[in-house]
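Visitor: I am new to this structure and would like to understand how its descriptions are justified. Could we go through it piece by piece?

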Amino acid sequence: PEAREVCSICREAGIKPVMITGDHVVTACAIARDLGILTENDGAITGSELEKLTEEELDARVAYTAVYARVSQTDKIRIVHAWQRRGEIVAMTGDGVNDAPALKAADIGCAMGITGTDVAKGAADMTLTDDNFATIVEAVREGRGIYDNIKKVVGFLLGTNIGEIFTVFFAMLLWRESPLLSMQLLWINLVTDSLPAIALGMESVEPGVMKRKPLRKGEGIFAGGYGLRIFLQGAMFAALTLIGFWTGWRATGDIAAGRTMAFSVLSAEQVFHSFNMRSERSLFLIGFFTNRYLNGAAAISLFMIAAILSIPPLTGIFGLAALGAELYLAALGLALTPLVVVELWKL
């Protein structure tokens, strides 16, 4: 019953549903129209007509054909291959023995779990346990959410690590001094990188994910300028950290104070930046604190930063120094800058 609505969702998501059936073409077209599979711009074709088409003719017609009736198992494979030659990713569903070759040929073969034969299940990549088309579309939604979260985590980790590399590299060029000790860098990687990254991977699926068009076949994770954005964000982290290092060193004349500023800025800005990575949309639209896992990870990370900066034994172990209130406030301001900059970019 929900298939009609699901077909509409498919079209919004850039997915074209196509019916391939052994039924008569009139029956198939009636059901396809009712479900929204067969529209005014689409046509229907029978197996006997399909046999007469060359590969080139089929390639030209396949994009405008939504119903294939009275087809053979060879026809099903031809249809799958015709879509693939157009550069499309093809998901094929089926339940019978004669569906197995097409299930194998498709990019994603999905066999029916209730009515499906063992041959079909063996040839498919996955099995649909409830034989419900709506479940496939829900799986697409979840899959897009998982991909988005992987992209967020990769972008977050690469951006923060680029910031760390640039910080040390340019500080050595400018002052011949490292703004961060190895223990400090290790702690930042273990705490302020890992906990928020894990929490970002648990971000819920965004509401509009099924209104986006699919990725092009072979499109990399850094496409669309994403790699450049990560690089620029890393450069921004480094610049802010170097400003903090120079400010603390110049204000006190003590390099340990400069390193304390650098440590404070770099570790805190990474925690704040994790909120930027939650969505392409503004935090004002999705809510600042709607990911409870990230809230907890950020709270733990900030608490540990504060503990290292304020507990004398820990401060000494990490090679840090006590600073005045004005320098801590300056470090906080620098650490919050990426949050403001990225929000303005989103706007």
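Visitor: Which residue follows H5, and what makes its phi worth a remark?

Guide: This is a predicted model, and in it H5 is followed by Gly87, whose phi is positive, near 85 degrees. The end of H2 can be described in the like manner, since Gly36 follows that helix and has a positive phi near 90 degrees.

Visitor: How do you know that the span of H5 is close to what is expected?

Guide: Helix H5, residues 73-85, has 13 residues and reaches 19 Å from its first C-alpha to its last. The expected span is 1.5 Å times one less than the number of residues, and for H5 that expectation is 18 Å, so the value of 19 Å is called close to it.

Visitor: Which residues of H5 are called buried, and what do they pack against?

Guide: Buried is said of a residue with under 20% relative accessible area, and in H5 the buried residues are Asp75, Lys76, Arg78, Ile79, Val80, Ala82 and Trp83. They pack against S1, helix H3 (47-51), helix H4 (55-61), S3, strand S4 (91-94) and helix H6 (100-105).

Visitor: Why are S1, S2 and S3 said to form a sheet, and in what order do they lie?

Guide: Two strands pair if at least two bridges are found between them. Here 3 bridges join S1 to S3 (residues 65-69), and 4 bridges join S2 to S3, so both pairs satisfy the requirement. The result is an open sheet in the order S1-S3-S2, with parallel pairing, and its twist averages 15 degrees from one strand to the next.

Visitor: What makes S1 and S2 the edge strands?

Guide: Strand S1 (19-21) and strand S2 (43-46) each pair on one side only. Tyr68 of S3 shows both pairings in a single residue, being the bridge partner of Ile20 and also that of Ile45. S3 itself is mostly covered, with 5 of its 5 residues buried.

Visitor: How do you know that the buried residues of H2 lie on the same side of that helix?

Guide: The buried residues in H2 are Ala28, Cys29 and Ala32. They cover an arc of only 95 degrees around the axis, and therefore they are on the same side of H2. What covers them includes S1, S2 and S3, and helix H2 (residues 25-35) lies across these three strands, running at about 145 degrees to S3.

Visitor: What makes a group of residues a nonpolar core, and which elements give residues to the largest one?

Guide: Such a core joins buried nonpolar residues through side-chain atoms within 4.5 Å. The largest has 33 residues, and those with the most contacts inside it are Leu180, Trp187, Leu200, Phe263, Phe275, Ile308 and Leu320. Elements that give two or more residues to this core include helix H8 (133-175), helix H9 (182-200) and helix H10 (226-252), and the largest share, 7 residues, comes from H9. Apart from this core lies another, of 20 residues, among them Ile45, Leu53, Ala63 and Ala106.

Definitions and conventions. Residues numbered from 1 in each chain as written. Predicted model: local features only at pLDDT ≥ 70, side-chain atom pairs only at ≥ 80, totals over all residues. Heavy atoms only, no water. Buried < 20%, exposed > 50% of the residue type's maximum accessible area, 1.4 Å probe, protein only. Axes fitted to C-alpha atoms, helices over the stretch in contact; angles between N-to-C directions. Contact = heavy atoms within 4.5 Å. Arc of directions from axis to C-beta.
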